[in-house]
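This report concerns the protein chain shown below. Please consult the sequence and the coordinates alongside the text.

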Amino acid sequence: YQRRVHGSKYPPQVIRGNASEIAALVSNSQTKGVDSTRTTQSTLPYAKEAAEKYQSVIIMSGETDYVIHPKGMVASVSNGHPLMTLVTGMGCTHSALTGAFLAVDEDPFVAAVHATAVMGIVGEHSVMLSKEKYGLNGPGSLQLLFYDVLYNISEEIIASRLKLNLHY
């Protein structure tokens, strides 16, 4: 992957992965499939290096999600829920959601931040609804409600739950 993307005439606008996957883009570190063996905080220098090297926005998913602009601006998004790590396909869903946001926003950094924030907020809201409506607290009920919550999410819910910090 590194050889095909680096120096490409058409680099990807956004690259998304967990901390181990992002670190592997610029180092000889080993990954453990889709499971991250690193924290996003400790891997932030690698993510910044990858953004600059590939001239792409980097989304690094984890306990705190980071969106890194190739020129160094960093957004940290602290939304989400630990149960999301137990649901197969959440990373793929995040990638698909990012693609949808890229289709309607000209700025890849803004699209990536919006997609990352919505992803986390929908996860949080799904867990809350699962507890309140059904008395459940597990990955199955989160997965069951996730797409319905995404479909019905409102600007008010997003604004009230957003945990976003920008770092220059």
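## Y168 and the nonpolar patch

Y168 is classed as exposed because its relative accessibility is 79%, above the 50% cut-off for that class. The residue belongs to the segment that follows β5 (164-167) in this predicted model.

On the surface, Y168 joins L162, L164 and L166 in a nonpolar patch. Together, the four residues of this patch present about 430 Å² of accessible area.

## S61 and its surroundings

S61 is part of strand β2, which covers residues 57-61. Its relative accessibility is 17%, so S61 counts as buried, the limit for that class being under 20%.

Two polar contacts involve the side chain of S61: one of 3.0 Å to the side chain of R16, and one of 3.5 Å to the side chain of H94. Leaving aside residues up to four places away in sequence, S61 touches G17, N18, A19 and T40 as well as R16 and H94.

## Overall fold

Seven helices and five strands constitute the secondary structure of the protein chain. Their order along the sequence is α-β-α-α-β-β-β-α-α-α-α-β. Of the contacts between residues at least 6 apart in sequence, 58% link residues at least 24 apart.

## Dimensions and surface

The radius of gyration of the protein chain is 16 Å, which agrees with the value near 15 Å for a compact globule of 168 residues. The C-alpha trace extends over about 50 × 35 × 25 Å along its principal axes.

Buried residues account for 42% of the 168 residues. The accessible surface of the protein chain totals about 9300 Å², and carbon and sulfur atoms contribute 53% of this area.

Key:
Residues are numbered from 1 along each chain as its sequence is written. This is a predicted model: local features need pLDDT of at least 70, side-chain atom pairs count only at pLDDT 80 or more; totals for chains, interfaces and linings use all residues. Side-chain values use heavy atoms; hydrogens and water are left out. Helices (H or I, at least four residues) and strands (E, at least two) are DSSP runs, numbered from the N terminus. Buried means under 20% relative accessible area, exposed over 50%, partly exposed in between (1.4 Å probe, protein chains only). A polar contact is a pair of N or O atoms within 3.5 Å; within protein, one must be able to donate a hydrogen and the other to accept it, and residues adjacent in sequence count only if both atoms are side-chain atoms. Contact means heavy atoms within 4.5 Å. Patches are made of residues with over 30% relative accessible area and no salt bridge: like charges are joined within 9 Å, nonpolar side chains (Val, Leu, Ile, Met, Phe, Trp, Tyr) within 5 Å. Accessible areas come from the Shrake-Rupley method with a 1.4 Å probe; for residues, only the protein chains shown count as cover. A salt bridge is a side-chain nitrogen of Lys or Arg within 4 Å of a carboxyl oxygen of Asp or Glu. The radius of gyration is taken over C-alpha atoms; the globule rule is 2.2 Å times the number of residues to the power 0.38.
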